[in-house]
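Visitor: I am new to this structure and would like a close look at one part of it. Could you take me to the largest pocket and then show me what lies around it?

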Amino acid sequence: MIIRLLLLVVASAATDTGSIFEQTAKGRCVPMQQKLCSDIPYNMTYYPNPISATEQSQIDHFNPLIKTKCHPHIKFFVCSVFEPMCPEQMPQAVTACRSVCEEVKRECVSIIEEFGLSWPELLECSKFPAHPDLCMQPSNDMGHSARPTSLSLFPRHPSSQSCPSFLVDTDEDDPMAPCALPCKGDVLFSVIHKAQLQKWLSGVAIASCAFSAFAFLTFLIDRSRFRFPEKCIFYLSLCYLCYSIPFLVVGLDPQMQPACSQMHHDGQPPHLLQQQVDSSLCTLSFFLTYYFSMAAALWWFMFAFTWYLSATRKWVPESLEAASIRVHVVAWFGPIVAAIVVVMTHSVDSSELTGLCGVGNTNRVALLFYSFLPRAIIGSVATLFLLTGITSMCRERNNFKDRGTDTSKLDKLMLKTCLFLVVYVVLWLATLAADLYHYAQLQAWQDATIECKHSGIPCLSQPPRPNGDIYLMQVLAPLFAFIGPFIWSFSLKTFSSFKRRICCCIWHPAQSKTPSRPLLDGSGGGSGLGGPGIPLPQPPAPRGGHHLQYVPLSTSSQPRWQQNHL
């Protein structure tokens, strides 16, 4: 079989490179003679054949390739070349469409390339006609031995077909049901890239949780120290902390896959969830990753916007505190609305690389509208606000220096703000670039794999694997975002606050036993629990010669005096 296939390729390489669809001046329809094509859904071919007699004799060499069944329509495609269909009402050679050639070549070329040879020149797809030119497109239900009743001479409409062997059919009775990736499968990513992710994921997730918790605790133990817009940074660290938890769990336990289906039909292997959420772990991982990633984007926007109001519009902190309720409503409830929309539109899917549920892993539309565009727009506007605020601060700093004012504290604040901006923008741009690459990959193979049952495109035998390093960046870049809040909270005052809080919790000094003062009775004598003879403090001396009367207040352990205006 191998020798005959090699002879076929070598012989076809020496053929004429002219078009095989140039029609002769006169021709007619004759019955097909090749036994190999006896079950093809037409029985009349064109004579004389557009290809030469030498090339016609090579059809038997394709028998080994046909037996591999590398594509459902490989036999139909080969027979359409050597014995093209001939409509009796309009005698001419009608071959397969160019799209059929491209589909067959995509799945069968690897068999030929295993021997170091290229695709035969005789079957070069550029020589085949494309719509609207007349050509044949086989129907999806065409078998290898059955004879269908008709052929479509135009590109076919969507119809049902089975999922490819490397995917799981989520519902065999539903022609619109998507195909899903198997649990713990290596379809899109190799074992090497998954091992690299596991090596990085646990360490980065632990660091993200630890440093984000440190930044948020800095705010909790000393709230009076921070006001808006600084408070936004610590809510941002809370979002990073919650976002990192699913990755920490998966990094520490690689066998856990929250996105793996819990319910499946008898005999159906478990698969990664697609367009549905039937697992509590999947729901939790989706909520933590999607909700808190969007909340982090909005808190970044709130930080930039309040910074702009403070530095450019000269809002005082009291005005910002008065508007804090509206800030919290937008930052916390906006992502809830987005998450509800994602669930209602059945856009929750799973990642083969991480095993977590999210948005846009296998659906390019959901990736574009529910993840990429919102974060791109929010991040762009926030960056403009923050840059405008920093520019205003630079002008104020120059004015202070011209007046001889010390600007050392302002310089530190501006340096901290610029570092925070650079860290966030670099990671934000890296994530967006990885999402764009992922969108391009989905556009290339989503319709021919996940959606191939109703897209009208034959399912691929194996989708091309993307660049795993870019996907590693897509997963790890958001986890490194803890660097910004940590830089902001790291200072000597922070360590002093932690030291004071820890000392107060560990060391409780014994209270000294001192006699309590008696309740005041107006005479200064002691008639209560305390000892007698404790003098009362005297009222303040009258001012301006006016005679004022003072009445002692006896409701406190410390005597106080109040003016008697009567």
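Guide: Happily! The largest pocket holds about 540 Å³ of space. Fifteen is the number to keep in mind for its wall: of the 15 residues that line this pocket, Lys409, Lys412, Leu413, Lys416 and Lys493 are the closest to its centre. The elements that give two or more residues to the lining are H12 and helix H15 (483-489), and H12 gives the most, with six residues. By class, the lining divides into seven nonpolar, two polar and six charged residues.

A few words on terms and on the model will help here. A pocket is found on a 1 Å grid over the protein atoms alone, as an open set of points where a 1.4 Å probe fits, with protein on both sides within 12 Å along at least five of seven lines; lining residues have an atom within 4 Å of a point. The volume is the space filled by probe spheres set on the points, which are joined across faces, edges and corners. Ala, Val, Leu, Ile, Met, Phe, Trp, Tyr, Cys and Pro count as nonpolar, Asp, Glu, Lys and Arg as charged, and the others, Gly among them, as polar. Helices (H or I, at least four residues) and strands (E, at least two) are DSSP runs numbered from the N terminus. This is a predicted model, in which local features need pLDDT of at least 70 and side-chain atom pairs count only at pLDDT 80 or more, while totals for chains, interfaces and linings use all residues. Residues are numbered from 1 along each chain as its sequence is written, and side-chain values use heavy atoms, with hydrogens and water left out.

Now for the second largest pocket, with about 370 Å³ of space. Its lining has 18 residues, and the closest to its centre are Trp307, Ser310, Met393, Leu410 and Leu413. Leu413 was also named for the largest pocket. H8, H9, H11 and H12 each supply at least two residues of this second lining, and the largest share, four residues, comes from H11. In this lining, 11 residues are nonpolar, two are polar and five are charged.

H11 and H12 also meet through a salt bridge (a side-chain nitrogen of Lys or Arg within 4 Å of a carboxyl oxygen of Asp or Glu). The side chains of Arg397 and Asp411 form it, at 2.4 Å from N to O. Arg397 lies in helix H11 and Asp411 in helix H12 (residues 408-445), so the pair ties together parts that are 14 residues apart in sequence. Arg397 is partly exposed (between 20% and 50% relative accessible area, with buried under 20% and exposed over 50%, using a 1.4 Å probe and protein chains only), at 25%. Asp411 is partly exposed too, at 27%.

H11 takes part in another such pair: Glu396 and Lys314 meet in a salt bridge at 2.9 Å, N to O. This one links distant parts of the chain, with Glu396 in helix H11 (residues 364-402) and Lys314 in the loop between helix H8 (280-311) and helix H9 (317-322), 82 residues apart. Glu396 is partly exposed, with a relative accessible area of 28%, and Lys314 is partly exposed at 47%. A search of the whole structure finds seven salt bridges.
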